[in-house]
Amino acid sequence: MRTLAILATKLSAHILHLFHRGGSLPGTIGLKIDSDILKGLRFEGPIILVTGTNGKTSTANMITDLMSYSGYKVISNRKGDNLRPGIVTTIVTNSTILGKVKANALVLEVDELNIRHILPNIPVSALVVTNFFRDQLDRAMEMERLISTIESVLPNYDGELILNANDPNVVRLSLKAPKAHVTYYGIEENDYSSANTKEASEGKFCPKCNERLVYDYYQYSHIGKFHCPNCGYATPKAVVSLENIDLINQTFTNEGIKYKNPYEGMYSMYNAAAVMALAKYYHIDYSYVQKVFESAPQPKGRNEKFNINNQTCVLNLIKNPTGANEVMKVIEMDPSDKNICIVLNDNDQDGTDISWIYDTFFEKLMKESTKKIVCSGLRANDMALRLYYGGFNGNIVIETDLDAAVKSCMEKKIVTYCIATYTALLPTRNAILKGMK
Amino acid sequence: MKHSLRVCWLYHDIMDLYGDKGNMMVLKKRCEDRDIDFVLDTCGIGEKKNLCDYNLIFLGGGDDKTQFSLIPDLLSRKENIKQAMDENTFILLICGGYQLFGQYYTASDNQKIDGLKFYDYYTDTGADRTRCVGNIIIEADLDGIKTQIVGFENHGGQTKNVSKPLGKVLSGYGNTFESGYEGFYDGKILGTYLHGPLLPKNPVVADFVITKALQKDDPEFKFEDLKPLENPFDEAARDVLFKRLNVEKAR
């Protein structure tokens, strides 16, 4: 049965490949034949899972590079999706018919709700968790329930947990994993830390005793140094803790050595810290980390810059208030005159509930230097209404034709910022390339 | 006389799950554009506030854990809330806030908590953790003002025994999967599962809430006394949902 399932998965992947298709269908077929298909596989070397709301793709990609550079033969789902069928496809198509996985390291980005399907079924050696924010609440239920689905599979987990020490909702996973060992990473107080947070905030109550948590400082949103005045639950000591954060030059220091983070924003600094913590746990030399940072490719639509014919355009994905607020901060730091195009869709992958735009500080864009904001996408009018009630006094334009919307933002001596939700990202990217011709 | 809207947003710092602050932004702008003073005050757990001082109380939604954590504080304010209601302070309740004014609330893990018990309605949890999720349009009659209200609902709670629903469901779920009715309105409180947030795309409801609140200080004040306001976006945003849900828009 198991061999049949493996064979069917591999065969369907092969056939689909002939037709230039791939995706998660082979895994779906394999799971239909044998729902425990993963349990029958034989692995060698470290198996690393990366999950969390924001940053899991870049973190998983950097970890994949780190393992490769340091000599492992790595399989990852970099090109596949992060749900169970996609993960099964990735692993099984890289296995022999007898179920031996053809690599000595496995790095998987896993959707938060799918951890419960993956972790108990393969011998995971490290689980890296970035953060938990409200993200597509309509799909992912309330965050509390999402975290509890992960907690439910931790009691027997005896590998390493690599956790963000500054997120109380991530640290709490350690409470449910008595057999696991924990490596924490974090960021020290720095120029950008603040005593208050105005951003949508999840980490309000102590997960142990429900008392309100007290923060010494916030780095962003609910990420920071916290403690519970009642039971003593607090930010644990981090094994890797970044210092001297410089968001302009994107640099930080660790153990006295300066590094340049390939990505912008405080949230990306945490991804860098996670990669270093993982290197530390596997005794991988930091020179390889340095190499990962230097060679990290800029993912499409994550502060992706286009410069053609003296015209500058910057594209960013927004998918939840926290990620979006970080994007706002990066745009706010640019004093140049700018036009902004916001493309808001509400398809399933975007999240069908768009109320999060009211939890996002679009007010950060409402500056003298913002000349106009053009709204497009399926819910363009809702976006415009948000800006109107936010008090934007500049020009708000609705343009449902995406190409026209992007093009209308491109003016001489003015920087164009495009912000798009998930399903609007690639169409917006194409509109930019078309518009710049 | 110069009117003022004095809002107390209860548990603003923890019950803010679905962009509820958008409701406050709308009330603020729609008051200030009409030269009505707008004062927003907040009240957290343990804070001393006399709720009778306000003409509008607002309470939004939160996750189960948050909702449980504020119950002792909320129940300790029961007499004060009752007094404010008797003195015509209007109350706007979204999602969790709406549930907590009834008899009880059952969370998705079947834990049951007492509500304020001002009304007979009560909230059970959806079978097998199912939730009512999606865009919704209802038809409401607000003291004679007929209006269609659009929003987004996302609730596991099934609110039953609702004697005076806010409106009839034209598309979506409402108080339960099958009831066909949504929310609660009795002239004193307006409770609903609709967020999105509620007020930006429903200017009639926003103005109605303002009217009800101002009537505390000025019983003669009427909805028609509010200067009409227009913006180019709200009708268009509503149209998108009417079209998508295939609901005919009332004229």
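1. Two residues are taken to be in contact here if their C-beta atoms, placed from the backbone, lie within 7 Å. With that in mind, and remembering that this is a predicted model, one can turn to chain A, where 69% of the contacts between residues at least 6 apart in sequence join residues at least 24 apart. For chain B, counted over contacts between residues at least 6 apart in sequence, the share that joins residues at least 24 apart is 69%.

2. Chain A is built with 14 helices and 17 strands, and its C-alpha atoms fill a box of roughly 65 × 60 × 40 Å along the principal axes. A compact globule of 437 residues would have a radius of gyration near 22 Å, and the 22 Å found for chain A agrees with this. Of the 437 residues in chain A, 51% are buried.

3. Within chain A, helix H4, which covers residues 84–93, deserves a separate remark, because 10 of its 10 residues are buried and the helix is therefore largely enclosed by the rest of the structure. The buried residues of H4(A) include A:Arg84 at the start of the list, and also A:Ile87, A:Val88, A:Ile91 and A:Val92.

4. Chain B has 6 helices and 14 strands. Its radius of gyration is 17 Å, close to the 18 Å that the globule rule gives for 251 residues, so chain B is as compact as a globular protein of that length. The C-alpha atoms of chain B fill a box of roughly 50 × 50 × 30 Å, taken along the principal axes, and buried residues account for 48% of the 251 residues.

5. A reader looking for a landmark in chain B may start from an open sheet of 6 strands, whose order is S2-S1-S3-S4-S14-S13 and whose pairing is mixed. Strand S2 (37–43) and strand S13 (184–185) of chain B stand at the edges with a single partner strand each, so one side of each has no neighbour in the sheet. Elsewhere in the sheet, strand S1 (residues 4–10) and strand S3 (residues 56–59) of chain B pair in the parallel sense over 4 bridges, and B:Cys8 stands opposite B:Ile57 in S3(B).

6. Two helices of chain B can be placed against these strands. Helix H1 (residues 21–32) of chain B lies across S1, S2 and S3 of chain B and runs at about 155° to S2(B). Helix H5 (residues 203–214) of chain B packs on the sheet as well, where it touches S1, S3, strand S4 (90–94) and strand S14 (189–192) of chain B, with a direction that makes about 145° with that of S4(B).

7. In soluble globular proteins, nonpolar side chains tend to be buried together. The largest nonpolar core in this model has 110 residues, and B:Leu56, B:Ile57 and B:Val209 have the most contacts inside it. Leaving aside residues up to four places away in sequence, B:Val209 touches B:Leu56, B:Phe90, B:Leu92 and B:Leu190. Another core, of 82 residues, lies apart from that one, and has among its members A:Leu31, A:Met67, A:Val124 and A:Leu213.

8. Finally, the two chains meet where 24 residues of chain A are in contact with 28 residues of chain B. On the side of chain A that touches chain B, helix H6 (137–140), helix H7 (143–151) and helix H12 (380–389) of chain A each supply at least two residues, and the largest share, 6 residues, comes from H12(A). By class, that side of chain A has 10 nonpolar, 5 polar and 9 charged residues.

How values were computed:
Residues numbered from 1 in each chain as written. Chains lettered and ligands numbered in written order. Predicted model: local features only at pLDDT ≥ 70, side-chain atom pairs only at ≥ 80, totals over all residues. Pairing = 2+ DSSP bridges. Axes fitted to C-alpha atoms, helices over the stretch in contact; angles between N-to-C directions. Nonpolar A, V, L, I, M, F, W, Y, C, P; charged D, E, K, R; others polar. Rg over C-alpha atoms; globule rule 2.2 N^0.38 Å. Buried ≥ 20, exposed ≤ 12 C-beta atoms within 10 Å, placed from the backbone. Core = buried A, V, L, I, M, F, W, Y, C linked by C-beta atoms within 7 Å.
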